[in-house]
Amino acid sequence: MTVRVAGVSKRVLRNCTFELPGGGVTALVGANGAGKTTLLNVLAGHLTADSGHVAVAGRVAFVAQDKPMYKGFTPLDVLRFGGHMNKVWDEYKAHSWLHRYKVPLKRRCGELSAGQRAHVAFALALGSRPDVLLLDEPLSELDPLARRRVVRDLLAEVADTGMTLLYSTHVVAELGGVADRLLLLSNGKLIVDGDTDELLGQHVEITGPAADQPPVRGDVVLARHYDRQSTFLVRCQGEAVAEEPWSARPVTLEELVVAHLEAVA
Amino acid sequence: MVEFRVDRASGLPAYLQLGRQVREALRLGWLQPGDRLPTVRDVVATSGVNANTVLKAYRELELAGLVEARQGSGTYVKSSLGSAAPEALDDLRAKFAAWVREARSAGLEDEDIDALVRAVLSGGSDDGAG
């Protein structure tokens with residue numbers, strides 16, 4: 001395991017436990033204030049857990065959500081600084097990221113757009129050739145097109161280097177095929193931790209006549225009842241076969257996340 | 001050559017979507033035995049899907065006997081899926097296209113057509129009157 005978190009509590013975080021194998025892509029999802037940033041800071045070593053144990057194997061790079069940066073530095077200065085501060089440094093990798101996203105190298109960071117600053121932060125993080133890359137809301141300053149390119153480039157980086165990527169995001173609708181693992185936090189507690197494909201396979205929405213229980217085995221995440229109709233979002237054990245008059249339909253990752261968040265709200 | 005598209009908002013896991021697209025390409029003759037599937041790295045870089053997702057899709061196709069991984073050189077199509085001769089397929093396609101035009105001019109929406117096709121396939125109502 002590249003990342004091990006056992007019983008960690010800190011600020012809002014309560015007794016979080018999970019492990020991430022090397023080379024995977026994990027999305028950390030949860031409402032504002034759920035503890036995502038705290039968790040990433042604990043993993044990055046910026047915060048010390050009040051209790052529990054954290055182990056991260058190898059070099060770690062962390063990009064904070066507000067992309068803090070010396071305003072007077074140019075992107076070139078930032079990379080030079082990165083070269084001095086890191087024992088392992090890939091100048092070419094860092095430069096090619098800035099080049100690819102057309103970041104002006106000699107303008108001061110204070111005068112760059114939020115998107116450009118984000119790219120300087122990504123270049124600095126990737127230049128340090130991390131084994132574990134932690135990104136807090138990396139996509140929030142980027143337009144939809146840039147988001148797609150950045151996700152593509154980060155995934156290629158994961159494929160090439162075998163690094164482990166853990167990033168927090170609100171854009172659940174764009175996770176399909178990107179994240180192979182989902183961590184869902186609510187009020188500091190890890191409420192879902194699983195392989196995204198397995199989660200999609202397990203969850204179904206079952207609709208039929210008014211009833212107290214769905215006609216399949218599993219945990220009811222969310223139930224809605226109307227006069228003549230009931231709808232259950234169920235996490236099934238095994239395959240869900242709904243027989244007439246019930247009908248089952250697969251749910252999307254976004255529906256799954258929203259249902260779990262609603263269920264504990 | 002296939003270019004993969006992933007509908008991220010779909011309830012169908014991405015690796016199954018990729019597998020489905022390969023099957024479709026096989027059925028339509030766009031991919032033929034001996035063709036090489038794009039490398040995992042290429043799919044990641046062009047379609048923005050996780051390498052594990054692509055590997056999983058290729059493994060599933062391999063288990064189904066449709067492709068084979070050759071050590072060090074890539075994944076190749078082993079067998080085709082099309083059960084009909086290409087000419088027969090063209091003919092069926094043309095007839096179906098004509099039918100779709102008729103259905104649309106009769107006021108059916110794509111969703112209605114979809115439902116109708118599925119009903120006929122599953123052996124249900126085949127009269128089509130709505």
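Here are three short exercises, with worked solutions, on the predicted model above.

**Exercise 1.** Find how chain B is divided into domains, and how far apart the C-alpha centres of these domains lie.

*Solution.* Start with the bounds: domain 1 of chain B covers 14-77, and domain 2 covers 86-121. Then take the C-alpha centre of each domain; the two centres are 29 Å apart.

**Exercise 2.** Describe the salt bridge between A:Glu19 and A:Arg4, and say whether each partner is buried, partly exposed or exposed.

*Solution.* Begin with the contact itself: the N to O distance between the two side chains is 2.7 Å. Next, place the partners along the chain. A:Glu19 sits in strand β2 (residues 13-20) of chain A and A:Arg4 in strand β1 (residues 3-10) of chain A, so the pair, 15 residues apart, links distant parts of the chain. Finally, check accessibility, where partly exposed runs between 20% and 50%. A:Glu19 has 33% relative accessibility and is therefore partly exposed. A:Arg4, at 40%, is partly exposed too.

**Exercise 3.** Work out which elements the salt bridge between B:Lys56 and A:Asp197 joins, and which residues share its network.

*Solution.* First, the closest N and O atoms of this pair are 2.8 Å apart. B:Lys56 belongs to helix α3 (residues 51-63) of chain B and A:Asp197 to helix α6 (residues 196-202) of chain A, so the bridge joins two chains. Now turn to accessibility: B:Lys56 is partly exposed at 25%, whereas A:Asp197 is buried, because its 13% is under 20%. As a last step, follow the shared partners: salt bridges connect A:Asp195, A:Asp197 and B:Lys56 in one network.

Note on methods: Residues numbered from 1 in each chain as written. Chains lettered and ligands numbered in written order. Predicted model: local features only at pLDDT ≥ 70, side-chain atom pairs only at ≥ 80, totals over all residues. Heavy atoms only, no water. Domains from an automatic or database assignment. Salt bridge = Lys/Arg side-chain N within 4 Å of Asp/Glu carboxyl O. Helix = DSSP H or I, 4+ residues; strand = E, 2+ residues; numbered from the N terminus. Buried < 20%, exposed > 50% of the residue type's maximum accessible area, 1.4 Å probe, protein only.
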